[in-house]
Amino acid sequence: MEKWQSAIANHLINVKDEISLVKLQRVLQMPMVEVWLGLLLGGFTLEQRGDFYHNQNVWVKSSPITNTYPI
């Protein structure tokens, strides 16, 4: 799952803004379930715009919280 979270975080750095869930999935060429799990388990900020059942209305707004503890 870290692989999925990393792919999402790297793409969000490049867009420097927000991106729709559908567009993110298309750009990453990952199955939707991997994108959803990466977003939910990675601490990303999601925003619902519009109807609940339309995934075109879900936007990803920020990168995940990173661990700042030294190794």
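Leaving aside its neighbours within four places in sequence, with which residues is W59 in contact? The legends below take up this question after an overview of the chain.

The model shown is predicted, so that local features need pLDDT of at least 70 and side-chain atom pairs count only at pLDDT 80 or more, whereas totals for chains, interfaces and linings use all residues. Residues are numbered from 1 along each chain as its sequence is written, and side-chain values use heavy atoms, with hydrogens and water left out.

**View 1. Overview of the chain, with three helices and three strands.** The elements follow one another from the N terminus in the order α-β-α-α-β-β, where helices (H or I, at least four residues) and strands (E, at least two) are DSSP runs numbered from the N terminus. Of the 71 residues, 28% count as buried; buried means under 20% relative accessible area, exposed over 50%, and partly exposed in between (1.4 Å probe, protein chains only). The accessible surface comes to about 5200 Å², of which carbon and sulfur atoms hold 55%, the areas being computed by the Shrake-Rupley method with a 1.4 Å probe.

**View 2. The surroundings of W59 in strand β3 (residues 58–62).** Leaving aside neighbours within four places in sequence, W59 is in contact with E18, I19, S20, L21, T45, L46, E47 and R49, contact meaning heavy atoms within 4.5 Å. The C-alpha atom of W59 is separated by 5.6 Å from that of L46, although the two residues are 13 residues apart along the chain. With a relative accessible area of 25%, W59 is partly exposed.

**View 3. The crossing of helix α1 (residues 2–15) with helix α3 (residues 32–41).** The axes, which are lines fitted to C-alpha atoms over the stretch in contact, with angles running from 0 to 180 degrees between N-to-C directions, come within 8 Å and cross at roughly 85°. That angle makes α1 roughly perpendicular to α3, a term covering 65 to 115 degrees. On the α1 side W4, Q5 and I8 take part, and they meet E34, V35, L37, G38, L39 and L41 of α3. The residues of this contact divide into six nonpolar, two polar and one charged, where Ala, Val, Leu, Ile, Met, Phe, Trp, Tyr, Cys and Pro count as nonpolar, Asp, Glu, Lys and Arg as charged, and the others, Gly among them, as polar. Q5 is buried, with a relative accessible area of 18%, and, apart from neighbours within four places in sequence, Q5 is in contact with G38, L41, G42 and F44.

**View 4. The two sides of α3, with V35, G38 and L39 buried.** These buried residues cover an arc of only 95° around the axis, which puts them on the same side of α3; the arc is that of the directions from the helix axis to the C-beta atoms. The face turned away from this buried side carries the exposed residues V33, L40 and L41. G43, which follows α3, has a positive phi, near 75°.

**View 5. Helix α2 (residues 21–28), in which L21, L24 and L28 are buried.** Seen down the axis of α2, the buried residues fall within an arc of 60°, so they line one face of the helix. The axes of α1 and α2 come within 11 Å and cross at roughly 105°, and the two helices are therefore roughly perpendicular to each other. A7, I8 and H11 of α1 make this contact with L24, V27 and L28 of α2, and the residues involved divide into five nonpolar, one polar and no charged.

Notes
Parallel < 35°, antiparallel > 145°, perpendicular 65-115°, else oblique.
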